[in-house]
Each structure stands twice: as structure tokens, then as C-alpha cells.
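Got your viewer open? Load the model below and keep the selection box handy.

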Amino acid sequence: MVGGVRDLGEVFARKASGLVREASLLDTFGIGFMNNTLGVGIWTMASWGLFISPHGNMLLGSILASLMFIFGIAFVWGFLGGSMPRSGGDYIANSRIIHPAVGIAMSMTNAGFVMTFWIATLAPFCADPGMTSLLSSIGAEQSLIDWFASAEGVVVVASLVNVWGFFIVILGLKIYNMNQRVIMVLAFFTLIVTGIVLTTSSHADFVSAYDTQAAIDGSMTYDQTIATVRDVDGVDLSGPKPGYDLGATLALFPAIAWATAYGYQITFICGEVKRPQRNIVLGQVLAAVIPAVFLVWFSWGLVNVMGQDFLGAIAYIDNGDGGASIDAFSLSVGSNTYSMISLLTDNPFTEFCIGSVFIFFNLLCMPISYIAFSRAAFAWGMDRLGPMWFTDVSPRWHSPVKNNVIMLVMSEVGIFIYAYWASALDAIAIVALEAMSAWGVMALSGLLFPYVKKARTIWEASPYKFRIGPLYVLTIASVVNLLFVGILIYYFFTVPALGAISTWGSAVYITIWIFGLLWFFLWIRHWRKQGIDLTVAWKQLPPA
């Protein structure tokens, strides 16, 4: 008898998970890389990144952010995931190292709330700016472009994408991986084509192409665009100076993070990865290194070809709240970063590739969010912190189907909120919440892991006990991770345009955390009445 339990197996809801290890290194990397939404991240960096911080140096920012992510978040999540190869994401490590109440509160915030609102935000992105950018790049009718930007168009496209993501996940990881490989190849191809078009063009080529299109559309010329935005009160388009404004460059981190910091989704399928102790870490690192290369490439190319002052002006037009600069801009291709690049070519196929980059890199965020929530809820259920059906796995598809139905309902509600009341989601800074609930708490777990007595058995079995001098590599990586998160949080809460502080957003944060804690204590109480002491569960890993 252990802790009042006759059989240690009674602590867990199942004696075996029922999940199958069928994700290869390529599949593991794919989940991390595609959830980084590199094609979207390049846009956020150049668009609302430079809108918030026009003095920021994108090249330097990309290098610094990527290095901190590779040697911080990627190492932390890779080492913790490989040490505890069970599906469930951050819940597994946080519950075993810090405390199960913290584990489930943070997991509900991240895998439940954040993933729902990523679908509610990114599924609509497939319509606008996804389809609107594609259609404007290939010269489609304005009425069609306007429909995809309307609330009705957003709901239709987002719902179709959402339902597709739901189905390829409930059919099992094998089916998902097949879809992922195809979309990943297309995403890579279109982004490489876009990069080649950008970097084989000169600044004079872009100015000429822009001015030609402006004359056709009756819009401002290149120089007029910069001058008009410069005249707006409070806008300074001076760009980076020699020696660089480090503060302005670090302020780009929240925007750059879209392309570098989301490979951690790999940990949600750790129990389904082949050779997990090798492939989880390699997948995490590769999913950070490859986006870093592209970020450096595009940050250099955009400034070299378009000019920092112009990028700042277009970023203001793309994100500003009105005024002469927006009224005088009537370019038919729009103000999206990829729309600007499409001006550099007249080839229809190349224009299509440039216009579709955003869509291909955005598309897999829906099914990946389903994977994250369904595996997290499965892990809660395995520890009996939830109804037993959380652990139901389809014997045919090896997938927790019922958990995904919950996500389908929640995300569809979120899509309607986004389409008709977008300000409600704008007030919830999802990246800020994710930085605090996922990256920050997981870094704390990494910092404590080698030294916490209750996790000693798991640590001793870990293959990642590397040292640099007296310090574990994991300890150093955790400190880098926390520094990266600290930079993000500082700018999220000191730059009003990032919208991290709001009464509505704060209320949501607090409500989710309190709900997670109450959930924990209610289930502890329920099982204690049944004679099961759940504290035994968090001294070991759940069954594989």
C-alpha cells in the first residue's frame, strides 16, 4: 500500500496511454517549425514591429532574439521534454517539478485558453490578411478582396479552416503528419521564392515599381509616402542610427517572437515521438535555427531594398488609426509586407507564391492548437485531474477525439467574437499571456529541475545532465529563457500599443488562473473521498 492506494496503478486513469510513437524527427521538427509561423512572423516584425518601434534594427533584433530563443527556450523545452517524454506539454514538467496546482493552472491558461484564442485569431488571418494579400498580389477584383475582409468572409474562411484542422487531428497523428509535410514543403517553397525576388532586386527597382503602381492607382509616390507619415504628430521615421538604439531594437522582440518562440508545441506530443530523447531536443533546436536564418535574410533584404524609413511609413499605414497618411494611400495591392514585395515581379506564378506565403505558414496553427489542447487535457485526465473521458483514445486513430470536440466548440465561439467584436481579442495580448504562463513558468521548472528533491529520480534518469563549469547547461538555458521572457514582458507592459494592459485582459488572466487552481483542489477532494491520494502521481511520470 502506497499513500493509501492499494495499487500504484490506481493513481493514474489508465495503465497505458494508448498513444503511439509515430512522429519521426521530420514530423517533430515540423510541428515546432510550422507553429513558429515564420511567414507570419516576418510580417509582424516588419509591420507592427516597426509601427511600435520605427527606430528598431530588424537585423540585429532577429539575431539577438534568435540566439536567446535557441539557447534559452529551445534548450529548456527540449531538455525537459526529453527527460519526461509524455504527451501533455508544460503540464508534465511543471506538475512534477514545481507543483501540480501550478502545472494545471498554467496548462489551462496556455493549452486551453491561449490555444483557443490562437485559433480564433489565426483562422481569421487566413481570410484577412491571408486571402486579401494573395488576391491583391495577383490583381483580383477589389469587391472580392473586400468580401474576404468582411465579417461574413472572415467567419466562412475561418470556420472552414478550423473544421479542416479538427478533422485531420481526430484522424490521428499519421494523417496530421501527412498534411503537415505537404503544407511545410509548399510554405518553404513560396517563402524561398519570395526571398529570392526580394534580394535579387535593388532599391532603385523597388522605388520604380512602387511609383509606377502609385501612378496607376492615383496614390502617393515613394517619397511622398515617407514625407506624409513623417508629418503625422508623434511619428519619427529616422530609423536605426550608427551604434543602434538597443532599446528600440529590443522593443521588436514581441513581434519577432512570432517567428522564433513557438516551437515548444513539440512537447505536447512527446509521448508520440520516436527516439524521444534525441528527436525532441533536435526538433526544438532545428525549429529555432531555421527560422533564425530566414529572419536574418528577410530583415536584411527588406531594409536594403525598401529602406527603413519607407518600411516605418508603411507599418504606420498598415496599423495606424487614421489620418492623412492613410487617406492618401490608395495602392491597389494594399500595405501588407508581402504585397510590397509582389510589386517587384510581373510573373503571375511568382506573384501567387508571394501572396500565399502568409496562408501556408498560418494554416497549420489550427490543427497544432487542437493537438496541444487535446494532449494537455489527456495529461490532466491521466493524473485524474478531470473526468475520466479526458483519457479516452480512439483505438483506430490513437487520438483523444472527445477533447478535440471541446476545442472545436470553444474555437468557433472565438471566431465569431473575432469577426464581430475584434476589440475583445485585441485587448487580450495573447503573446504576453503565453510568455508569462508558458515560457516563464517552464523556465522556472528548468531552473529548479536539477535541485528539487521530489523530481530527483526523473533528473537522475535524464540524459541531459551536461555542465559548463559548476553549472548545468539546463540552468544556464533557464536563465537565458527568463531574460528573454523578461524583455518581452517589459515591453508588453510599457508600450501601450501592444495592448497588454487592459481591464478586460487582466480580468481574463486572473479568472483563468483562479479557475485552474479551483479545478485542481476540487478534483483532489473528489478522489480523496474515493480513497485515492493523487500526491503519489506527481512523484513519477504517468504511464507511456
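We'll go through the cavities, then the cysteines, then one helix. Bear in mind as you click around that this is a predicted model.

**Stop 1: the largest cavity**

The structure holds three cavities of 30 Å³ or more, and we'll visit two. Start with the largest, which has a volume of about 100 Å³. Select Asn35, Thr37, Met115, Trp118, Leu122, Trp258, Tyr262, Gln265, Cys365, Ser369 and Glu434, and you have its lining on screen. Now colour by residue class: six of these lining residues are nonpolar, four are polar and one is charged.

Which helix gives the most to this lining? Helix 5 does, with three residues. Show helix 5 (100-137) together with helix 18 (365-382), since each supplies at least two residues to the lining of the largest cavity.

**Stop 2: the second largest cavity**

Next up is a cavity with a volume of about 70 Å³. Its lining is Ala46, Ser47, Met306, Phe310, Leu311, Ile314, Ala315, Asp318, Ser335, Thr337 and Met340. Turn on helix 14 (308-319), along with helix 2 (38-52) and helix 16 (337-342); each of them brings at least two residues to this lining. Helix 14 gives the most, with five. By class, the lining of this second largest cavity splits into seven nonpolar, three polar and one charged.

**Stop 3: the cysteines**

Go back to Cys365, which you already picked as part of the lining of the largest cavity. Cys365 counts as buried, at 3% relative accessibility. Why does Cys365 not form a bond with the closest cysteine sulfur? That sulfur is in Cys126, 8.3 Å from the one in Cys365, so it is too far for a bond; the cut-off for a disulfide is 2.5 Å.

Now jump to Cys270. It is buried too, with a relative accessible area of 1%. Draw a distance from its sulfur to the closest cysteine sulfur, in Cys365: at 19 Å, this is too far for a bond. Across the structure, the count of disulfides comes to zero.

**Stop 4: helix 23**

Finish with residues 473-494, which make up helix 23. This helix has 22 residues and reaches 32 Å from its first C-alpha to its last, close to the 32 Å expected at 1.5 Å a residue.

Which residues of helix 23 are buried? Select Val473, Leu474, Thr475, Ala477, Ser478, Asn481, Phe484, Val485, Ile487, Leu488, Tyr491 and Phe492 to see them.

Notes:
Residues numbered from 1 in each chain as written. Predicted model: local features only at pLDDT ≥ 70, side-chain atom pairs only at ≥ 80, totals over all residues. Heavy atoms only, no water. Helix = DSSP H or I, 4+ residues; strand = E, 2+ residues; numbered from the N terminus. Expected span 1.5 Å × (residues − 1). Buried < 20%, exposed > 50% of the residue type's maximum accessible area, 1.4 Å probe, protein only. 1 Å grid on protein atoms, 1.4 Å probe; cavity = no way out; pocket = protein on both sides within 12 Å on 5 of 7 lines; lining within 4 Å. Points joined across faces, edges and corners; volume = space filled by probe spheres on them. Nonpolar A, V, L, I, M, F, W, Y, C, P; charged D, E, K, R; others polar.
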